[in-house]
Each structure stands twice: as C-alpha cells, then as structure tokens.
Amino acid sequence: MTVRLSILSFILVHRFTIRSSSCSVLSTESSCLATAGVILAGAMMTLQDSFSIVDLLMGFMTITNLIAIIWLSPRVVVLLNDYRRQRKEHKDPVFSKSVLPKEQQDDIECW
C-alpha cells in the first residue's frame with residue numbers, strides 16, 4: 001500500500017512540476033530521479049527525522065540570508081537615506097542608481 005501511494009504521489013508531483021513550470025530544466029531525467037528520491041525518502045522516514053532535516057535546511061537558509069543582508073547593507077543605508085531625503089522634501093520618492101557610488105552602480109541591471 002505504501003509503495004503504491006509513493007508511486008502515485010511521485011507521478012502526481014512530477015506531472016504538476018513539469019506542467020506548472022515553463023522552465024525546461026525541471027523536465028530532465030535527473031529532476032525526475034530527485035523527485036522520486038525525495039518522495040520515497042519522505043514516505044519512509046519518521047516525522048521527527050523529517051523535522052530534523054527541515055530544521056537543518058532552515059538553518060542553512062538563514063545563514064545564507066544573513067550573509068546576503070550583511071553584503072547588501074551598505075547599499076541599503078545609502079538608498080534609505082536618499083528615500084528619507086526625498087520624503088523630507090515632500091517628493092514622491094524615486095529610485096535613481098546615480099545615488100550609489102560608481103562601483104556599485106555597475107552591478108545594478110534592473111530595479
């Protein structure tokens with residue numbers, strides 16, 4: 001029974017993943033195997049084990065986000081000061097990358 005439910009859930013998740021995404025990367029054979037592996041592993045592990053893995057992955061995600069926040073904070077401070085200046089002048093705040101130092105302007109491709 002568990003094997004049948006695992007196979008059925010794999011088929012449903014895999015079909016949904018391929019149809020709901022316009023990214024052709026998700027339709028590769030390796031993603032099919034990865035999806036099957038995650039579904040089968042999740043069906044066979046205990047709830048406590050799955051929560052432990054989720055906690056570990058959330059920790060890695062938190063560390064990654066903290067690094068990104070620290071890396072972006074100089075830009076944020078400059079842009080926040082410009083925003084506050086524009087609000088103080090009773091203007092509708094508009095982003096302009098010319099407010100940033102020249103070396104940081106080159107990294108901005110879109111807003």
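**Entry 1: Salt bridges**

I took a salt bridge to be a side-chain nitrogen of Lys or Arg within 4 Å of a carboxyl oxygen of Asp or Glu. I note at the outset that the model is predicted. With that rule I found three salt bridges in the structure. In general, side chains of opposite charge can pair when their charged atoms come close.

I looked up Asp82 and its partner Arg85; the closest N and O atoms of this salt bridge are 2.5 Å apart. I placed both residues in helix H3, which covers residues 47–88. Asp82 and Arg85 are three residues apart there, about one turn of the helix.

I then turned to Glu89, which also forms a salt bridge with Arg85. For this pair I noted 3.3 Å between the closest N and O atoms. Glu89 has a further salt bridge, with Lys91, and here the closest N and O atoms are 3.2 Å apart. Through these shared partners, Asp82, Arg85, Glu89 and Lys91 are joined into one network.

**Entry 2: Accessibility within the network**

I asked myself which of these residues are buried and which are partly exposed. Asp82 has a relative accessible area of 8%, so I entered Asp82 as buried, the cut-off being under 20%. Arg85, at 40%, is partly exposed. Glu89 is partly exposed as well, with a relative accessibility of 39%. For Lys91 I recorded a relative accessible area of 45%, and Lys91 therefore counts as partly exposed.

**Entry 3: Arg75 and Trp71**

I next asked over which ring the charged end of Arg75 sits. I found the ring of Trp71 there, with its centre 5.6 Å from that charged end. Arg75 belongs to helix H3. I recorded Arg75 as buried because its relative accessible area is 16%, and buried means under 20%.

I also listed the contacts of Arg75, leaving aside its neighbours within four places in sequence. The residues in contact with Arg75 are Leu100, Gln104, Asp107 and Ile108. A search for aromatic pairs gave a count of zero.

**Entry 4: His90**

I looked up the backbone of His90 and found a positive phi of about 60°, although His90 is not a glycine. His90 lies in the loop between H3 and helix H4, the latter spanning 102–105. Is His90 buried or exposed? I entered His90 as exposed, since its relative accessible area is 75% and the cut-off for exposed is over 50%.

**Entry 5: A nonpolar patch on the surface**

I asked which residues form a nonpolar patch on the surface. The patch consists of Ile53, Leu56, Leu57, Phe60, Ile63 and Ile67. Together these residues have about 610 Å² of accessible area. I checked Ile53 individually and placed Ile53 in helix H3. Ile53 is partly exposed, with a relative accessible area of 40%.

**Entry 6: The chain as a whole**

Finally I surveyed the protein chain. I counted four helices and zero strands, and from the N terminus on I read the order of the elements as α-α-α-α. The chain has 111 residues, and buried residues make up 14% of them. I noted an exposed area of about 9,300 Å² for the chain, of which carbon and sulfur atoms supply 67%.

I also looked at contacts with a separation of 6 or more in the protein chain. Of these contacts, 35% are accounted for by residues 24 or more positions apart.

Notes:
Residues numbered from 1 in each chain as written. Predicted model: local features only at pLDDT ≥ 70, side-chain atom pairs only at ≥ 80, totals over all residues. Heavy atoms only, no water. Helix = DSSP H or I, 4+ residues; strand = E, 2+ residues; numbered from the N terminus. Buried < 20%, exposed > 50% of the residue type's maximum accessible area, 1.4 Å probe, protein only. Phe/Tyr/Trp six-rings, centres within 6.5 Å; stacked < 30°, edge-to-face > 60°. Lys NZ or Arg CZ within 6 Å of the ring centre and 35° of its normal. Contact = heavy atoms within 4.5 Å. Areas by Shrake-Rupley, 256 points an atom, 1.4 Å probe, with all protein chains shown as cover. Patch = residues over 30% accessible without salt bridge, like charges linked within 9 Å, V, L, I, M, F, W, Y side chains within 5 Å.
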